[in-house]
Amino acid sequence: MAELFKKVLIANRGEIALRVIRACRELGISTVAVYSKADESSLHVKLADEAVCVGPPQARLSYLNAPALLSAADITGADAIHPGYGFLSENAEFARLCKECKVTFIGPTPANIDSMGDKAEARSIAKQAGVPLLPGTLEPVPDVNACASEAAKIGYPVILKAVSGGGGRGIHVVRNEEQLRGSFDRLSEEAKAAFGDPGMYVEKYCESPRHVEIQVLCDKFGNRLALGERDCTVQRRHQKIIEEAPSPIADEDLRKRMSEAALKLCKAVDYENAGTVEFLVDSDRQFYFMEMNTRIQVEHPVTEMVTGVDLIKAQIRIAAGEKLKLTAKDIQIKSHAIEARINAEDPVRFRPCPGKITALHVPGGFGVRIESFVYDQYTVVPFYDSMLGKLIVHAPTRAEAISKMRQALDEFIVEGIQTNIPFLKKVFAHPRFQEGDFDTHFLEEFMLKNE
Ligand code: MV4
């Protein structure tokens, strides 16, 4: 067996930093936290074996500051870096820098990150690998005329997407040529400003899809495993709010076909470590490749609950050169898990709502898991995203999981700051949610307008 790392530096903050610290502890690996000046009193600083301040509050100067992070790894003697999600987790250049500094980046190869980071290239690779795609271009369209002629071939409505976007950024639906001509140049300029790349591609627009994604683990020896799907259809402005596993619309057959497609893509790019292949599923339960996320995701715990696999430990073991011991027959999904993201935001306008937590009671009990970095009297700082943590429930059936989630949310007490807990309670009480009968427009249609 390959030797695991001696010391892992966690290049992140918040709940995911704690999640990684705990996994390292269990594996007998010591940990280095990094923190910004605004995070001095964060739990990840207290729970790690060592902690290094890497800069001022702004993420650009701290959690995104590659030289500072690599210097911290150097002075503490860390032999690996776990990037968590967000920040530098999908930055191929950072993964390359780690290699140059002889520190293992716990994640995919720089080439993996690059090929999936270019959304048109990812489509092209998926197509070659035989993964189902919506009709559309496999390369960026050079200008508005080319875009209009492609759109005419595909048939309206179409969706314009930035090649370097992803996760709902840089996308726009157009329903006719006039709308396309009215927005193409502006979108391309916005993409250039946001991602440094004006490239746009065009795809048939799917009106009422569900977002279903497959978790994969791949080792350095060509062993690849799919760990079932997560349904992340409940979103607001491309912010996921509730995720569950399995998907209410998946059966063994759909899961098998989506898993095979995901693994074909992994094989095509020689993917390594944990990843997620995102699909849209239309109302006829046809699925289409959207993009691949080359990181551990926020919602990974629902997969852990239904498969029994610790995905963070798996990432560390794979990066250290261990072989995947699990095979497809070890993955049997017979229970249900749901995650709700708990955000510090005002429940009406959804605006971030930092401040001091003056009282805190978190739910517990059989099948209730909390992943959070906050504690009583902690002050939520305004510099980062507003997620305080995640509540995950696990039960034999979806109905029981929903019931458990509702009890848990009722037990939750957070005073001093506003949270989205009241909003979550309404979603879980909604008959359409309870029936599993919703698409990506659910929150906008049923929660915001009619309330
Ligand atoms: C789409 C789509 C419909 N048709 N592509 C949004 C996030 C990014 N990963 C892709 N997204 C979409 N792409 C085609 N061809 C609808 C969405 C979409 C969406 C997808 C998943 C979850 C929520 C969504 C909300 C609006 C739009």
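**Close-up 1. Strands β9 and β12 side by side.** Strand β9 (residues 210-218) pairs with β12 in the antiparallel sense, over 9 bridges. Here strands are DSSP runs of E with at least two residues, helices are runs of H or I with at least four, and both are numbered from the N terminus. Two strands count as paired if DSSP finds at least two bridges between them. Look for Arg210, whose bridge partner in β12 is Val281. This is a predicted model, in which local features need pLDDT of at least 70 and side-chain atom pairs count only at pLDDT 80 or more, while totals for chains, interfaces and linings use all residues. Residues are numbered from 1 along each chain as its sequence is written, and side-chain values use heavy atoms, with hydrogens and water left out.

**Close-up 2. From β12 over to β13.** On to the β13 pairing: 6 bridges join β12 to β13, and the two run antiparallel. Val281 turns up again here, standing opposite Phe287 in β13. The hairpin of β12 and β13 has 5 residues between the strands, and in it Arg285 takes a positive phi near 60°.

**Close-up 3. Glu278, a charged residue under cover.** Glu278 lies in strand β12 (residues 273-281). That strand is mostly covered, with 9 of its 9 residues buried; buried means under 20% relative accessible area, exposed means over 50%, and partly exposed is in between (1.4 Å probe, protein chains only). Which side chain of opposite charge is nearest to Glu278? It's Lys240, 4.2 Å away, and buried Glu278 has no salt bridge. (Lys and Arg count as positive, Asp and Glu as negative; His and the chain ends are not counted. A salt bridge is a side-chain nitrogen of Lys or Arg within 4 Å of a carboxyl oxygen of Asp or Glu.) What Glu278 does have is a polar contact of 2.7 Å between its side chain and that of Asn293. A polar contact is a pair of N or O atoms within 3.5 Å; within protein, one must be able to donate a hydrogen and the other to accept it, and residues adjacent in sequence count only if both atoms are side-chain atoms.

**Close-up 4. Strand β11 and its neighbour.** Strands β10 (residues 224-236) and β11 (residues 239-245) run antiparallel, joined by 4 bridges. Asp231 has Glu244 of β11 as its bridge partner. Glu243 is also found in β11, and its relative accessible area is 0%, so Glu243 counts as buried. The side chains of Glu243 and Arg341 share a polar contact of 2.7 Å.

**Close-up 5. The sheet around these strands.** Zoom out a little and 8 strands form an open sheet, in the order β13-β12-β9-β10-β11-β14-β19-β17, with antiparallel pairing. Its edge strands, β13 (287-293) and β17 (368-372), each pair on one side only.

**Close-up 6. Glu90 meets Arg295.** A salt bridge joins the side chains of Glu90 and Arg295 (2.4 Å, N to O). The pair links distant parts of the chain, 205 residues apart: Glu90 is in the loop between β4 and α4 (92-100), and Arg295 is in the loop between β13 and α10 (300-307). Glu90 counts as partly exposed because its relative accessibility is 33%.

**Close-up 7. A network of charges.** Arg19, Arg22, Glu304, Asp310, Arg369 and Glu371 are linked in a network of salt bridges. Across the whole structure, a search finds 37 salt bridges.
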